[in-house]
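Take a look at the structure below. Keep it open as you read.

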Amino acid sequence: MTRYPRDLRGHGATPPHPHWPNGAKIAVQFVINYEEGGENCILHGDAASEAFLSEVVGAVPWPGQRHWNIETMYEYGARAGFWRLHRLFTARNMPVTVYGVATALARGPEQVAAMQDAGWEIASHGLKWIEYKDYAEADERAHMLEAIRLHEEVTGARPRGWYTGRCSAQTVQLAAAEGGFAYVSDTYDDDLPYWKKVGDRHQLVIPYTLDANDMRFSVAAGYGSGDEFYAYLRDSFDTLYAEGLEGAPKMMSVGLHCRLAGRPGRLAALKRFLDYISGFDGVWVARRLDIAEHWARVNPPVEWERPTDMDRETFVARFGGVFEHSPWIAEGAFGLELGPAHDSAVGLHNALARVFRSADAEKRLAVVKAHPDLAGKLAQAKRLTEASSAEQASAGLDALSDTERARFEDLNRRYTDRFGFPFIIAVRDHDKAGILAAFERRLENSAEAEFAEACAQVERIALLRLKEMLPQ
């Protein structure tokens with residue numbers, strides 16, 4: 001048995017409706033990353049200078065040395081860029097979430113006071129603005145706990161949101177296990193929040209963005225001008241707003257940095273975007289905490305037994321009859337590489353069908369033969385499986401007139417005499433007349449074509465059964 005941990009399905013083809021306040025068609029969320037004074041610097045006890053997200057594209061760390069140029073670029077963010085962004089958003093009364101690095105907040109008391117006076121949410125951006133990919137779990141947990149402690153000491157309240165940014169593969173698990181966060185944002189995998197089960201706790205995840213983000217001014221393949229930044233934000237907004245108008249509202253995150261978007265030439269582009277979205281009705285500009293609290297109210301977590309969490313015995317007992325009287329198919333599927341994508345009807349059906357399709361013709365024929373005749377003697381004797389009884393009843397085959405019953409008996413006899421197995425059709429897809437027409441038509445098939453059709457109908461029946469057993 002192999003279980004694949006990545007969730008490549010997410011909300012699926014039909015995501016939950018967020019029911020944003022006042023019927024909003026989109027939730028727009030601005031993040032200001034406050035990192036200045038928390039970055040790599042030997043003054044902070046780090047081994048080398050900072051080399052990430054500055055005007056020096058392609059910079060590398062300088063072991064044991066201060067990088068004066070990059071240090072002063074970061075200082076610009078605290079000294080000038082922050083205040084420029086602060087004026088821009090407070091003038092429009094637009095709420096903001098700050099991702100605050102705890103050590104940076106401790107070195108910026110006036111900026112913290114301004115954030116709080118504006119009613120901005122201050123979420124935690126970790127203890128230091130450094131790379132955590134190589135940290136041992138215990139060491140990263142220790143930094144997380146110290147970040148929470150220092151954040152509360154500096155701001156007067158513990159953070160309700162978490163985003164490391166330069167994270168490890170264990171960051172989300174650690175933040176969820178800590179137990180005190182209304183949301184975690186160290187993912188980039190959706191346009192809506194979602195719940196992630198970690199241990200016994202359901203953790204809300206609000207994905208962040210690295211595309212609608214001014215960080216792309218500091219990378220080689222990024223924005224070269226404010227016009228490019230504005231155009232990308234506008235196009236993102238237009239696409240998501242249109243989806244909202246069509247009945248599927250989403251969330252748009254915009255990532256900002258004081259030392260990047262706080263530069264005059266870039267701020268002009270951001271200003272144009274704020275003015276642009278202000279011209280639309282049904283736009284909810286919110287803090288991430290507001291989105292988290294709203295989502296928890298309207299789309300709370302749902303506890304259910306997922307197929308990929310089941311042991312072998314439970315799995316086979318639950319799904320062994322999906323392919324009629326053929327538990328070996330469920331046994332084979334249990335041993336495949338299954339993951340969250342297989343916890344839906346379509347996903348689990350794919351796993352079961354793989355086992356069926358890879359079997360030899362003799363085993364597949366046995367599965368076909370395991371299905372009962374339509375309106376046959378087993379049905380009359382009420383000896384069908386519960387699923388088969390319900391399926392045949394759905395098309396009215398449990399209440400046939402004498403003439404109809406005689407016709408089905410004749411067709412069943414002719415069909416089995418010709419092909420050697422019972423006529424299989426997903427009756428939930430048809431009414432009585434359609435079933436009879438298919439019966440007549442398929443009697444003209446070649447043996448090879450009809451066996452292929454019978455196998456396809458077996459798979460279709462299995463899918464319809466799974467759709468009744470599993471959440472969609």
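This report covers an annotated stretch, the spaces in the protein, and two helix pairs.

This is a predicted model.

**The annotated stretch**

Start with the record. An unreviewed UniProt entry carries the annotation "domain: NodB homology", covering residues 68-286. Over residues 68-286, the chain is 45% helix and 15% strand. The C-alpha atoms at the two ends of this stretch are 37 Å apart.

**The largest pocket**

Next come the spaces. The largest pocket has a volume of about 1,700 Å³. Its lining is made of 43 residues. Which of them lie nearest the centre? They are D7, Y194, W195, K196 and R306.

Some elements supply at least two residues each to this lining: α5 (171-178) and β7 (194-198). The largest share comes from β7, with 4 residues. The lining of the largest pocket mixes 18 nonpolar, 12 polar and 13 charged residues.

**The cavities**

How many cavities of 30 Å³ or more does a search of the whole structure find? The search finds 3. The second largest cavity has a volume of about 50 Å³. Its lining residues include G126, L127, Y132, E140 and H143. M144, A147, W162 and T164 also line this cavity.

Helix α4 (residues 137-155) gives the most to the lining of the second largest cavity, with 4 residues. By class, this lining divides into 5 nonpolar, 3 polar and 1 charged.

**Two helix pairs**

Now turn to how helices pack. Two packed helices are described by the angle between their axes and the distance between the axes. The table gives both values for two pairs.

| Helix pair | Angle | Distance between axes |
|---|---|---|
| α12 and α17 | about 60° | 10 Å |
| α4 and α5 | about 50° | 10 Å |

Find the first pair in the table. Helix α12 spans residues 361-370, and helix α17 spans residues 447-469. They pack at an angle of about 60°, which makes α12 oblique to α17. The crossing of α12 and α17 is left-handed.

Now the other pair. α4 and α5 pack at an angle of about 50°. Why are they called oblique to each other? Angles under 35 degrees count as roughly parallel and 65 to 115 as roughly perpendicular, so an angle of about 50° falls among the rest, the oblique ones. Is the crossing of α4 and α5 left-handed or right-handed? α4 passes α5 in a right-handed crossing.

Both helices of this pair appeared earlier. α4 helps line the second largest cavity, and α5 helps line the largest pocket.

Definitions and conventions. Residues are numbered from 1 along each chain as its sequence is written. This is a predicted model: local features need pLDDT of at least 70, side-chain atom pairs count only at pLDDT 80 or more; totals for chains, interfaces and linings use all residues. Side-chain values use heavy atoms; hydrogens and water are left out. On a 1 Å grid over the protein atoms alone, a cavity is a set of points where a 1.4 Å probe fits but cannot get out, and a pocket is an open set with protein on both sides within 12 Å along at least five of seven lines; lining residues have an atom within 4 Å of a point. Grid points are joined across faces, edges and corners, and a volume is the space filled by probe spheres set on the points. Ala, Val, Leu, Ile, Met, Phe, Trp, Tyr, Cys and Pro count as nonpolar, Asp, Glu, Lys and Arg as charged, and the others, Gly among them, as polar. UniProt positions are given in the numbering used here, feature names are shortened, and annotations may be inferred rather than shown by experiment. Axes are lines fitted to C-alpha atoms, for helices over the stretch in contact, and angles run from 0 to 180 degrees between N-to-C directions. Angles under 35 degrees count as roughly parallel, over 145 as roughly antiparallel, 65 to 115 as roughly perpendicular and the rest as oblique. A crossing is left-handed if the near helix is turned anticlockwise from the far one by less than a right angle, and right-handed if clockwise.
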